[in-house]
Amino acid sequence: MSEPVIPKPKSEFLQVECPDCNKVQRVFSHASTEVKCLVCNCLLAKPAGGKCKILGKIVTPEKKE
Ligand SMILES: [Zn+2]
């Protein structure tokens, strides 16, 4: 079996905090369009060759206990 070197595109939702208003919203990691904050319209993510470049702060998901 020959595995391709390129990792599989793993799509997921990220919790991204807006640097301006601290609103946390879900951003698709492979969004093909720019993602803006719903509150202040600040750019949170932009497409960068398949995977999104996240411009806001990525918040780690809450741990399930
Ligand atoms: Zn905002």
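Analyst: Two strands pair if DSSP finds at least two bridges between them. Strands are DSSP runs of E with at least two residues, helices are runs of H or I with at least four, and both are numbered from the N terminus. What you see above is a predicted model: local features need pLDDT of at least 70, side-chain atom pairs count only at pLDDT 80 or more, and totals for chains, interfaces and linings use all residues. Residues are numbered from 1 along each chain as its sequence is written.

User: How does the predictor's confidence look, and which element has the highest mean pLDDT?

Analyst: pLDDT is the predictor's confidence in each residue, on a scale from 0 to 100. The protein chain averages 88, and 86% of the residues score at least 70. Going element by element, the lowest mean is 92, for β5, while the highest is 96, for β3.

User: What pattern does the protein chain follow along its sequence?

Analyst: Start by counting the elements: there are zero helices and six strands. Reading along the sequence then gives β-β-β-β-β-β.

User: In what order do the strands of the open sheet with β3 in it come?

Analyst: Let's build it pair by pair. β3 and β4 pair antiparallel over two bridges, with Val-35 standing opposite Ala-45 in β4. β4 also pairs antiparallel with β5 (residues 51–54), this time over four bridges, and Ala-48 has Lys-51 in β5 as its bridge partner. Put together, that's an open antiparallel sheet of three strands in the order β3-β4-β5.

User: And which strands stand at the edges of that sheet?

Analyst: Recall the order of this sheet, β3-β4-β5. Each edge strand has a single partner, so one side of it is left without a neighbour in the sheet; those strands are β3 and β5.

User: Which residue in the hairpin of β4 and β5 takes a positive phi?

Analyst: β4 covers residues 43–48 and β5 covers residues 51–54. Two residues sit between the strands of this hairpin, and the one with a positive phi, near 60°, is Gly-49.

User: The other sheet has the order β2-β1-β6; by how many degrees are its neighbouring strands turned against each other on average?

Analyst: In this open sheet, β1 and β2 pair antiparallel over five bridges, with Glu-17 opposite Val-24. Three bridges join β1 to β6 (residues 57–59), also antiparallel, and there Val-16 has Ile-58 as its bridge partner. Angles are taken between axes, which are lines fitted to C-alpha atoms (for helices over the stretch in contact), and run from 0 to 180 degrees between N-to-C directions. With direction ignored, the average turn between neighbouring strands of the β2-β1-β6 sheet is 50°.

User: Which side chains of β1 are buried?

Analyst: Buried here means that 20 or more other C-beta atoms lie within 10 Å of a residue's own; 12 or fewer makes it exposed, anything in between is partly exposed, and C-beta atoms are placed from the backbone. In a regular strand the side chains alternate between the two faces of the sheet. β1 does alternate: Phe-13, Gln-15 and Glu-17 point to one face and are not buried, while the other face has the buried pair, Leu-14 and Val-16.

User: Which elements give two or more residues to the largest nonpolar core?

Analyst: A nonpolar core is a set of buried Ala, Val, Leu, Ile, Met, Phe, Trp, Tyr and Cys residues joined through C-beta atoms within 7 Å. The largest one here has nine residues, including Leu-14, Val-16, Leu-44 and Ala-45. The elements that give two or more are β1 (13–17) and β4 (43–48).

User: Is Ser-29 buried, exposed or partly exposed?

Analyst: Ser-29 is found in the loop between β2 (24–28) and β3 (35–36). Its contacts (C-beta atoms, placed from the backbone, within 7 Å) beyond four places in sequence include Phe-13, Leu-14 and Cys-52. Because Ser-29 has 17 C-beta neighbours inside 10 Å, the label is partly exposed.

User: How far apart in space are Thr-60 and Gln-15, C-alpha to C-alpha?

Analyst: Thr-60 comes in the segment after β6, and with 7 C-beta neighbours inside 10 Å, Thr-60 counts as exposed. In sequence, Thr-60 and Gln-15 are 45 residues apart, yet their C-alpha separation in space is 6.9 Å.

Definitions and conventions
Two residues are in contact if their C-beta atoms, placed from the backbone, lie within 7 Å.
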